[in-house]
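Here is a walk through one protein model, from its strands to its cores and its enclosed spaces. Keep the structure open beside the text.

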Amino acid sequence: MFDVVFTGGRLFTSGWDSSRPGALAVADGRIVAVGAADRIGTDAHEIVDLQGGLLIPSFLDAHAHPVLGGVEMLQCDLTGAADAAAAVALVAVYAAANPAQPWILGGGWTMAHFPGGRPTRQMLDAVVSDRPAALQSRDHHGTWANSAALHRAGITASSPDPADGIVERDAHGEPTGYLHEGASNLLYDVLPQVDRDVAVRGLLAAQDHYLSLGITGWQDAWVGSTASVSDIFGAYVDAVERDVLRARVTAALWWERDRGAEQIADLVARRDRLESLRRPDVLRSDHVKIMIDGVVENFTAALSHPYLDGHGHATGNLGLTFVDPAALPDSVAALDAAGFSVHFHALGDRAVTAALDALDAIPGGPTQQRHQLAHLQFVAAQDVPRFARLGAIANLQTLWAALDEGDLELTRPFVDDYTFDRQYPLRELRDSGARLAQGSDWPVTRADPFAAIHVAVNRAEIGRTPDPILHPEQAIDLATSLAAYTAGSAAALGYDDSGRLEVGALADLAVLDRDPFGGPADEIARTGVRETWLGGERVWAR
C-alpha cells in the first residue's frame, strides 16, 4: 500500500514539452510510481484528488535572501507602497505604532517611485525626525537615511566616498540621504543589529511564505553580515539546532570584498561547522557568493560600454567591480579546488565576462562544481555560448525581463543601444545549451514563481503586452521555464534527488489549481498553489 496517491489531474516534469494525464504514488517520503492512473490505482492511506489541476515538483528558488526578507516582514515593510508618497506614509504609520523603537529600520522601497530614483533625507525627516531611520532599497543596493541617521554615523559633506559605493550629494555637496552600494556600510557601526532570535523568527516567516508559494527550498545568496543582520550564518545554525528548518537550503557563504584567497580557510571552517550538524537534507554550505558588480539603476553595474549622461553623451563611467578582475581567476580556482561552487552576482556584461573568464582559467578546465552566474541583465553575444562550454549555470531572475517604469526611467536613458539590446537573452542562453536555473531574488522582487514564469514566457508582466524594444523573441516556453525553476534549480542547489517527478526522487511536490499548459500564455500568472508537499508530507494547504 502506498502512503499517498495523487490522481485526477495532469503531471509535468523536466524533460517533457507539456503536461500529461497521469497519477503519482509516494511511500516513505519518495516517489515510487509515476504513470497512468489505472495502472497505479488507489491503494493508499491517502488519495489526493488533483481536481483537474497540475502536479509538479515543488519549486526551488535558486537565488534569494529569505532571512533578510523575513526580518523585513517584521520591520517597516515598504514593499506594498505604490509610489513615493505611499512609502513615506507607511514609514509614518510604522513610526507612530512603534514609539519605543530607537531606530526605524526596514526596507522595500522602489527606486523608480522617486524622482531620478533618488529618495531624500528630507522626505523621511518630515515623518520621523525624533530618531534615526535607515531603510534599504528593494534591490538591497542602497539605503535611504534620514538626517538623524546621517548625523549619528558622522556622514557629512566632507565624508569621502568608499571605494565600493557612493554617498549621493546635492548641489552644495551635502549628503541627500541616499547611500549607494558600499556607502551603506558607513552606517554599520551605529546601526542596531538584529539579534539572533529575531533573525530566526524572520527565517521562519520566510519559510512559511515560501511554502505557501509551492517553494520547498532556496539558495540563500548572502550568508554573511549585512547592515541589519550581522550573522545570517548563525541564524541558520540555530534553526537547524532547534529543528525548525524544514525547507531544503543551500547557504552561499559571502565572499568578503576587502579580502582575498586567505579567507578560504574561514569559509572551509564555516562549511565544516554546518556539516557537523549532520542535516544535509535541510542545509548545505558548499557554495560561495562573489558579488562582482552592482546594478544599472545607480550606475554600479559593470558595463563594457560607458554609461550615458541622460542626454545621449558618453561619460567616463563603466560602473564598479567590487573585486579585482585580475585577482578573480586565482580566487575562483582556489575555491574550486577547495570543493566550493561559486555563485557570482554578475549583472553587467563586463561582470559576466569577468566571471566566465575566471571559470575558463580554472586549471584543467570545467569541473564538477555547480558554478553559476546570477542576474545576467546584460550578456554580450560572444559570451552566450561560453556557458555551455564551461558548464556554468545561468541563474535567472526572469521577473525582471519585462519593460517597466524602472527600465524606461532608470536604464534606457543611461545606456547605449548596444547595451540595452543585450538585456536578458533568455532564448539565446537556452538555445546555446546553457543549463538554466530560476530564482526570485526575494525580497528584491516578489517570490511568486508564476509571476517570474509568466514574464519568462510572455516577456511582459500580467495584463501587459511585450514591448518590441525589449526583444520579445528572447522569451522562452513554459516547459523550459518550469523545468528551470524545479530541476534546474535543484541542480544549482545540489539537491539532485529533488525537482523531478520520477521514481526514487524526493516527494517534494506542488499541487496547482489549474494546468497552465491548458490555457492562454497571458494567464500563466493566474496559476495558484493549492498544496505543498515536502518529503511526502503536506506542509501547506490553501
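Strand β11 (residues 165–169) pairs with β12 in the antiparallel sense, over four bridges. This is a predicted model. One pair to pick out is Ile166, whose bridge partner in β12 is His180. The hairpin of β11 and β12 has five residues between the strands. Within this hairpin, Gly173 takes a positive phi near 85°.

Now turn to the other neighbour of this strand. Strand β10 (residues 142–145) also runs antiparallel to β12, and three bridges join the two. Here Gly142 stands opposite His180 in β12. His180 is thus named in both pairings: with Gly142 and with Ile166.

How many of the seven residues of β12 are buried? Seven of the seven are, so strand β12 (residues 175–181) is largely enclosed by the rest of the structure.

Next come the nonpolar cores. The largest one holds 123 residues. Phe6, Tyr236, Ile290, Phe344, Leu373, Phe387 and Leu509 touch the most other members. Take Leu509 and look past its neighbours within four places in sequence. Its contacts then include Phe6, Leu24, Val26, Ile31, Leu55 and Ile56. Pro57, Ser58 and Leu501 are also in contact with Leu509, as are Glu531, Thr532 and Trp533. A second, separate core has 21 residues, including Ala84, Ala87, Ile104 and Met111.

Packing leaves gaps too. Rolling a probe the size of a water molecule over the atoms shows where empty space is left. In this model the count comes to three cavities of 30 Å³ or more.

The largest cavity has a volume of about 130 Å³. Its lining is made of 13 residues, and Leu105, Gly106, Ala134, Gln136 and Ser228 lie nearest its centre. Two elements give two or more residues to this lining: β8 (104–109) and β9 (133–137). The largest share, three residues, comes from β9. By class, seven lining residues are nonpolar, five are polar and one is charged.

The second largest cavity has a volume of about 100 Å³. Its lining divides into three nonpolar, six polar and three charged residues. Histidines recur in the list: His63, His65, His140, His141, His345 and His375 are among the lining residues. Asp139, Trp222, Lys289, Met291, Asp441 and Val444 also line this cavity.

Two of these histidines deserve a closer look. His65 is found in the loop between β6 (59–64) and α2 (66–74). Is His65 buried or exposed? His65 has a relative accessible area of 7%, so it counts as buried; the cut-off for buried is under 20%. Leaving aside neighbours within four places in sequence, His65 is in contact with Asp220, Ala221, Trp222, Lys289, Asp441, Trp442 and Pro443.

The last two of those contacts share a backbone feature. A cis peptide bond joins Trp442 and Pro443, with omega about 10°. Pro443 lies in the loop between β19 (435–438) and α15 (449–458).

The second histidine is His375, in strand β17 (residues 372–375). Its phi is near 85°, a positive value in a residue other than glycine. His375 is buried, with a relative accessible area of 3%.

Gln51 also has a positive phi, near 55°. Gln51 lies in the loop between β4 (44–49) and β5 (54–57). At 57% relative accessibility, Gln51 counts as exposed, whereas His375 is buried.

Methods:
Residues are numbered from 1 along each chain as its sequence is written. This is a predicted model: local features need pLDDT of at least 70, side-chain atom pairs count only at pLDDT 80 or more; totals for chains, interfaces and linings use all residues. Side-chain values use heavy atoms; hydrogens and water are left out. On a 1 Å grid over the protein atoms alone, a cavity is a set of points where a 1.4 Å probe fits but cannot get out, and a pocket is an open set with protein on both sides within 12 Å along at least five of seven lines; lining residues have an atom within 4 Å of a point. Grid points are joined across faces, edges and corners, and a volume is the space filled by probe spheres set on the points. Ala, Val, Leu, Ile, Met, Phe, Trp, Tyr, Cys and Pro count as nonpolar, Asp, Glu, Lys and Arg as charged, and the others, Gly among them, as polar. Buried means under 20% relative accessible area, exposed over 50%, partly exposed in between (1.4 Å probe, protein chains only). Contact means heavy atoms within 4.5 Å. A nonpolar core is a set of buried Ala, Val, Leu, Ile, Met, Phe, Trp, Tyr and Cys residues joined through side-chain atoms within 4.5 Å. Two strands pair if DSSP finds at least two bridges between them.
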